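Visitor: Hi, I have just opened this one and would like a hand finding my way around. Could you walk me through it?

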Amino acid sequence: MAEFTDLLGAPIVRRFERPQYSLQGVYLGAAHGDIEIYNFTDPELNRARLGDAQLRLDHVAYEVADIEASAAAMRRAGVRFSGPDLREELHEAVDLGGVLHLWTVPESCFGQFLQLMQR
């Protein structure tokens with residue numbers, strides 16, 4: 001991860017681990033961190049996500065004022081939600097460190113993996 005701090009000139013503001021999703025990473029930038037860089041600790045999940053690439057832009061996160069209202073509108077359009085590991089479908093937002101999160105199931109959202117966040 002040091003290569004990203006050097007490349008982007010952005011300091012690591014905090015590290016995180018989410019064992020329930022086999023996830024670990026860092027936030028770069030100011031305050032809460034504007035850029036999240038992570039990898040899966042489960043090699044199979046990492047291979048499935050990266051394919052032959054060393055790294056990739058995985059998803060884009062959107063901060064919303066009301067995650068339940070946003071999710072309800074998206075569900076009406078057929079969008080389904082999961083955790084960041086895409087292993088199981090979620091029917092309500094998950095609280096990770098005081099921030100609510102949902103991630104779209106790409107096949108249900110024009111092929112896009114999007115993250116909704118509500119602080």
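Guide: Happy to, and we can take pockets, salt bridges, backbone angles and surface in turn. Please keep in mind that this is a predicted model.

Visitor: Good to know. How much space lies in the largest pocket?
Guide: The largest pocket holds about 1100 Å³ of space. It is lined by 40 residues, and I35, E36, I37, Y38 and H59 are the closest to its centre.

Visitor: Which element gives the most to that lining?
Guide: That would be β3, with 6 residues in the lining of the largest pocket. The strand β3 covers residues 35-40.

Visitor: And which other elements supply at least two residues?
Guide: Quite a few do. Going along the chain, there are α1, then β1 (12-18) and β2 (23-28), and after β3 come α2 (43-50) and β4 (60-63). Further on, β8 and β9 also supply at least two residues each.

Visitor: How do the lining residues divide into nonpolar, polar and charged?
Guide: The lining of the largest pocket has 21 nonpolar residues, 9 polar ones and 10 charged ones.

Visitor: Let's switch to charges. How many salt bridges does the count come to?
Guide: The count comes to 6 salt bridges. As background, side chains of opposite charge can pair when their charged atoms come close.

Visitor: Can you show me one? What does D85 form a salt bridge with?
Guide: D85 pairs with R87, and their closest N and O atoms are 2.8 Å apart.

Visitor: Is D85 buried or exposed?
Guide: D85 is buried, because its relative accessibility is 7% and the cut-off for buried is under 20%. Its partner R87 is partly exposed, at 44% relative accessibility.

Visitor: Which residues are joined into one network by salt bridges that share partners?
Guide: R49, R56 and D58 are joined that way. Within that group, D58 forms a salt bridge with R56, with the closest N and O atoms 3.7 Å apart. D58 is buried, with a relative accessible area of 16%, whereas R56 is partly exposed at 43%.

Visitor: Got another pair for me?
Guide: Sure, have a look at R80 and E89, whose side chains meet in a salt bridge at 3.3 Å, N to O. R80 is partly exposed, with a relative accessible area of 35%, and E89 is partly exposed too, at 38%.

Visitor: Where is E89 found?
Guide: E89 is in strand β6. If you want a feel for distances, try E89 and A30: they are 59 residues apart in sequence and 32 Å apart in space, C-alpha to C-alpha.

Visitor: What about Y21 and L86, how are their C-alpha atoms separated?
Guide: Those C-alpha atoms are 8.9 Å apart, while the two residues are 65 residues apart along the chain. Y21 is in the loop between β1 and β2, and Y21 counts as buried, at 10% relative accessibility.

Visitor: And where is the place of L86?
Guide: L86 is in the loop between β5 (81-82) and β6 (89-90). L86 is partly exposed, with a relative accessible area of 35%. L86 also has a positive phi, near 60°, in a residue other than glycine.

Visitor: Why would you point out a positive phi?
Guide: Because most residues other than glycine have a negative phi.

Visitor: Anything else like that?
Guide: Yes, F110, with a phi near 55°. F110 is in the loop between β8 (99-104) and β9 (114-118).

Visitor: Is F110 buried or exposed?
Guide: F110 is exposed, because its relative accessibility is 82% and exposed means over 50%.

Visitor: Last topic, the surface. Which residues make a nonpolar surface patch?
Guide: L7, L8 and I35 make one, of about 290 Å². You have met I35 already, among the residues closest to the centre of the largest pocket.

Visitor: Where is L8 found?
Guide: L8 is in helix α1, which covers residues 2-8. L8 is partly exposed, with a relative accessible area of 43%.

Visitor: Nice. Where should my eye go if I want to link things up?
Guide: You could start from I35 in the patch with L7 and L8, then look at β3, which gives the most to the lining of the largest pocket. After that, find E89 in strand β6 and its salt bridge with R80.

Conventions. Residues numbered from 1 in each chain as written. Predicted model: local features only at pLDDT ≥ 70, side-chain atom pairs only at ≥ 80, totals over all residues. Heavy atoms only, no water. Patch = residues over 30% accessible without salt bridge, like charges linked within 9 Å, V, L, I, M, F, W, Y side chains within 5 Å. Areas by Shrake-Rupley, 256 points an atom, 1.4 Å probe, with all protein chains shown as cover. Salt bridge = Lys/Arg side-chain N within 4 Å of Asp/Glu carboxyl O. Helix = DSSP H or I, 4+ residues; strand = E, 2+ residues; numbered from the N terminus. Buried < 20%, exposed > 50% of the residue type's maximum accessible area, 1.4 Å probe, protein only. 1 Å grid on protein atoms, 1.4 Å probe; cavity = no way out; pocket = protein on both sides within 12 Å on 5 of 7 lines; lining within 4 Å. Points joined across faces, edges and corners; volume = space filled by probe spheres on them. Nonpolar A, V, L, I, M, F, W, Y, C, P; charged D, E, K, R; others polar.
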